[in-house]
Amino acid sequence: MKHKKSMLLRTNLLVCLVILVGFAVTAALSYRTNYGASIQHIEQVSDLTSEDIYHQLSTAFTKPVHVSLTMAGDRLLQDFLTREPDHLQDPAFTETLRRYLDAYRQKYSYDSVFLVSTATGRYYNFEGLDRVLAPGDPENDWYYQLLASGDDYAMNVDNDEAAQNEITVFVNCKISDGQGQVLGIVGVGVRIEGLQALLRSYQETFGVSAYLIDDSGDIQLSTAYTGYQKQSFFALCPYSAGVRRQLLGWREEGEALSLWSDTKTDRDYLVARYLPELSWHLVVQRNTGSLMQGLQRQVGQTAAIIAVIIGLILLVITLVIRSYNRRIVELLQKNEQERRSVFQKATEQLFENIYELDITGDRPANQATADYFASLGAPAGTPFSQALRIVTQKQIKEEFRQGYIDTFSPQNVLDCYRAGRDTLQYEFMISTGGDYYWMRITARLIENPGDGAVHMLTYRQNIDAEKRRQRRMQRLAHTDEMTGLYTKTATQHEMQQRLARSADGPFGFFILDIDNFKNANDSLGHEFGDTVIQSFAHKLVEHFGPEAVVGRIGGDEFAALVPNCDYQRAVQLAGELVQALSYQHRTASGSWQVSASVGVSLAPADGSDFLRLYRRADAALYEVKKQGKCGFALTGEPPA
C-alpha cells in the first residue's frame, strides 16, 4: 500500500514536472510567435498609414502654394508696392488693396490673406492696414528670416491676429520687380485645426502618432503641438543622435524610411517621409509599450492557469491531463483568432481583399485564395503561376498585363526575396465586370517558420479616387485656373525645354501686357476684370496657334514662344496682335476698351534661354509703355 502511494506520488510529481516544463515551453513559444506577428502587423500598418497621410498632406498644401505664387507674380501688387510710399496717407489707396486681398480670401475660402511692404514694413490684410513690422519683435521673425533667405517662398506656423489669434499655417511668397529686388511678401493662411483633426483620426483608428517637423527637429504640426509653441520632437522622444540624423537626413521624394528606435525601454517603429514643397519631415510613430503590457499580462494569466492545473492534477491526474489538453488547444486557437481579428480589422479599413500564396509550392495558401481563383475560371489544384495568367486575362487592362505577370510571377517573387526585398507593389487598371478602375497591390514576402516556404500576402487597395486626385493636382500645378493657360513656372519650364531642343528655331519671344488694366478693376470690379483676362487669353490662343507655348506669367501679363519666327515674321505677328487685341469688351456689368502693349525678343539672336529672352522682351515692352502704350517694339535691328 505504501509502495503504491509512493508510486502514485512519484507519478504525480513526474507528470506535474512534465506538464510544468511543457507549459513553460508552450508559453515561451506562444509569446515569441505573438510578439513576432504583432511586430509585423505594426510595421505593415504604420508603413501604409504613413503613405496615406503623406498623400493627404501633399494635397492639402499644393493649392495654397500655387495661389500664393500666382499672387506674387501679379503686376497689380508690384504696382501697388512701387507706388505705396507716395500714398501712405491715402485711405482710398489702402482700400483698393484691402478689396484685392479680401477677393482672394473669399474666392478660395482661406482664413487669411496678407501683404507686407519691404519699403515701409506695413502689414496689410483683408481688413486693411493691420500694423507696421519692426525688427526685434519675435512675432516678426518669420518675415525677416524669409527676406534674408534665398528661397522664393516659405511656410511658418503662427497665430493669426486677424482671425481671433487662431493657430494658422502661412504660405509666404516674395514679390520681386524685374531686377530681382524684393518689393514685399504676400501670402495666405490655412487654419491648423482641420489638419490636426486629420492626424487625430489616424491616431484613433490605427494607434499611430504623426508629426510634421522642420530641419531643426521642432514640431510644426501634430495632434498636440504646433510650430507656434516651439516644441522639439527629440525632446519629447529622446532618440539617439544616429536616429535623429537618419530622420532629418531623409529627403527621397515619394519614398519612405522605416526603422526601429534604439531606446532602452519601449521601442518605437518610425516611418519618415519628406515633403519638399513644405521643407518639412513627416514622422509616423508607433509605440510598442501597449504590446509589451498585453504580452506580459498574457504571461501572467498563463502562469496562473498553470498553478491551477497543477493543483487539480494532484487531486485527479487523469482529469487534469484531459483538462490540460483542452485548455492548451483553446489558448492556441484563441490567440490565433485574436491575432487574425486585430490584423483583419485594421487592414480591411484600407484594403479590398487579402490573399495568401505559397510561392515556393506555387499554390494558394488557404481556401479563400483558392476560391478566388476558382471564381475566375481556374480549376481546383491549378498552380499559382497558371492561375495568375487566368486572372490577368479576365480582369486586368491589356497594357498592364505583362507588368502584372512580371511582378508577381513565382520566379520574380523568389528572386526578390533572396535579394532581401520584403515588399512588392504594382499599380494597374482592373475591371470586375464594369468599367476599369485603378488598383494597387502591395505584397509582403515572409518565410513560413513551419516549413521554410516563402509566402506572399497580397493586399488589394482601390486607388481610383487617389489617381483622379493626383491627376487633378498635376493639372492645377501646371495650369492657370482662370485662363487655362500655363502658369508662370510651367511657362518657363515648357519654353526652356522647347529652346533646348531648338529644332523649330528661330523663335520669337513675346511679352504682352493689358494697358491700364487696373482701371478696369477699379471702375467695374474684379469680376469684370477676370472676364477681361479670360477673353484676352482666348484671343492669344487663337492668334498664336497650337504650335506656340502660351502662358500667364502675372496678373495681366502673358508670354508666348513662337517657333519658326524670324525678324520679319515677328514684326508682322506683333502688328497683327496689337490690332487684334484692341477691342471693346462687353458684359452685363459694363464695357471697357481693351488694348495691349507687346515686347518682342528673338532667339538665338537675343539669347537661347528663358531669362535672357524675358529680360530683352521686357525692356522692349518698357519702351512701348514710355511711348504711350498700345503698340509693339522689337529688340535689335532688322537683318540687312
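Buried means under 20% relative accessible area; in this predicted model, Gly554 therefore counts as buried, at 8% relative accessibility.

**Figure 1. Surroundings of Gly554 in the loop between β18 and β19.** The flanking strands span residues 549-552 for β18 and 557-562 for β19. Not counting residues up to four places away in sequence, Gly554 touches Gly73 and Asp74. Gly554 and Leu69 are 485 residues apart in sequence, and their C-alpha atoms are 9.7 Å apart in space.

**Figure 2. Overview of the chain.** The chain contains 19 helices and 23 strands. Of its 640 residues, 47% count as buried. Among contacts between residues at least 6 apart in sequence, 60% join residues at least 24 apart. The chain exposes about 31700 Å², of which carbon and sulfur atoms supply 50%.

**Figure 3. The largest nonpolar core.** This core has 87 residues, and those with the most contacts inside it are Met71, Phe510, Leu512, Phe536 and Phe544. Helix α1, covering residues 2-72, gives the most to this core, with 11 residues. A second, separate core of 32 residues includes Phe373, Tyr426, Ile430 and Ile463. In soluble globular proteins, nonpolar side chains tend to be buried together.

**Figure 4. Contacts of Phe536.** Not counting residues up to four places away in sequence, Phe536 touches Leu512, Ile514, Phe558, Leu581, Tyr583, Val594 and Ala596. Both Phe536 and Leu512 are listed among the residues with the most contacts inside the largest nonpolar core.

**Figure 5. Gln395 in helix α11.** Helix α11 comprises residues 384-395. Gln395 counts as buried, with a relative accessibility of 8%. Not counting residues up to four places away in sequence, the residues touched by Gln395 are Tyr372, Leu376, Met429, Ile430, Ser431, Thr432, Tyr436 and Arg460. Ile430 also belongs to the second nonpolar core.

**Figure 6. Packing of helix α2 with helix α16.** Two packed helices are described by the angle between their axes and the distance between the axes. For α2 (residues 75-83) and α16, the angle is about 90 degrees and the axes are 11 Å apart. That angle makes α2 roughly perpendicular to α16. In this contact, Leu76, Asp79 and Arg83 of α2 meet Phe517, Lys518 and Asn521 of α16. By class, the contact has 2 nonpolar, 1 polar and 3 charged residues.

**Figure 7. Packing of helix α15 with helix α19.** The axes of α15 (residues 488-501) and α19 come within 10 Å and cross at roughly 110 degrees. Angles of 65 to 115 degrees count as roughly perpendicular, and α15 and α19 are therefore described in this way. The α15 side of the contact consists of Gln492, Met495, Gln496 and Leu499, while α19 supplies Phe610, Leu611 and Leu613. By class, this contact has 5 nonpolar, 2 polar and no charged residues.

**Figure 8. Helices α12 and α13.** The axes of α12 (residues 398-408) and α13 (residues 410-418) come within 5 Å and cross at roughly 50 degrees. The two helices are therefore oblique to each other. Asp406, Thr407 and Phe408 in α12 meet Pro410, Asn412 and Val413 in α13. By class, the contact of α12 with α13 has 3 nonpolar, 2 polar and 1 charged residues.

**Figure 9. Backbone geometry at Asn516 and Cys630.** Asn516 has a phi near 55 degrees, a positive value in a residue other than glycine. Asn516 is placed in the loop between β17 (507-514) and α16 (517-524), and counts as partly exposed at 38% relative accessibility. Cys630, likewise a residue other than glycine with positive phi, has a value near 50 degrees. The loop that holds Cys630 runs between α19 and β23 (632-634). With a relative accessible area of 38%, Cys630 is partly exposed.

**Figure 10. The cis peptide bond between Ala603 and Pro604.** The omega angle of this bond is about 10 degrees. Pro604 lies in the loop between β22 (596-603) and α19 (610-626).

Technical notes: Residues are numbered from 1 along each chain as its sequence is written. This is a predicted model: local features need pLDDT of at least 70, side-chain atom pairs count only at pLDDT 80 or more; totals for chains, interfaces and linings use all residues. Side-chain values use heavy atoms; hydrogens and water are left out. Axes are lines fitted to C-alpha atoms, for helices over the stretch in contact, and angles run from 0 to 180 degrees between N-to-C directions. Helices (H or I, at least four residues) and strands (E, at least two) are DSSP runs, numbered from the N terminus. Angles under 35 degrees count as roughly parallel, over 145 as roughly antiparallel, 65 to 115 as roughly perpendicular and the rest as oblique. Contact means heavy atoms within 4.5 Å. Ala, Val, Leu, Ile, Met, Phe, Trp, Tyr, Cys and Pro count as nonpolar, Asp, Glu, Lys and Arg as charged, and the others, Gly among them, as polar. Buried means under 20% relative accessible area, exposed over 50%, partly exposed in between (1.4 Å probe, protein chains only). Accessible areas come from the Shrake-Rupley method with a 1.4 Å probe; for residues, only the protein chains shown count as cover. A nonpolar core is a set of buried Ala, Val, Leu, Ile, Met, Phe, Trp, Tyr and Cys residues joined through side-chain atoms within 4.5 Å.
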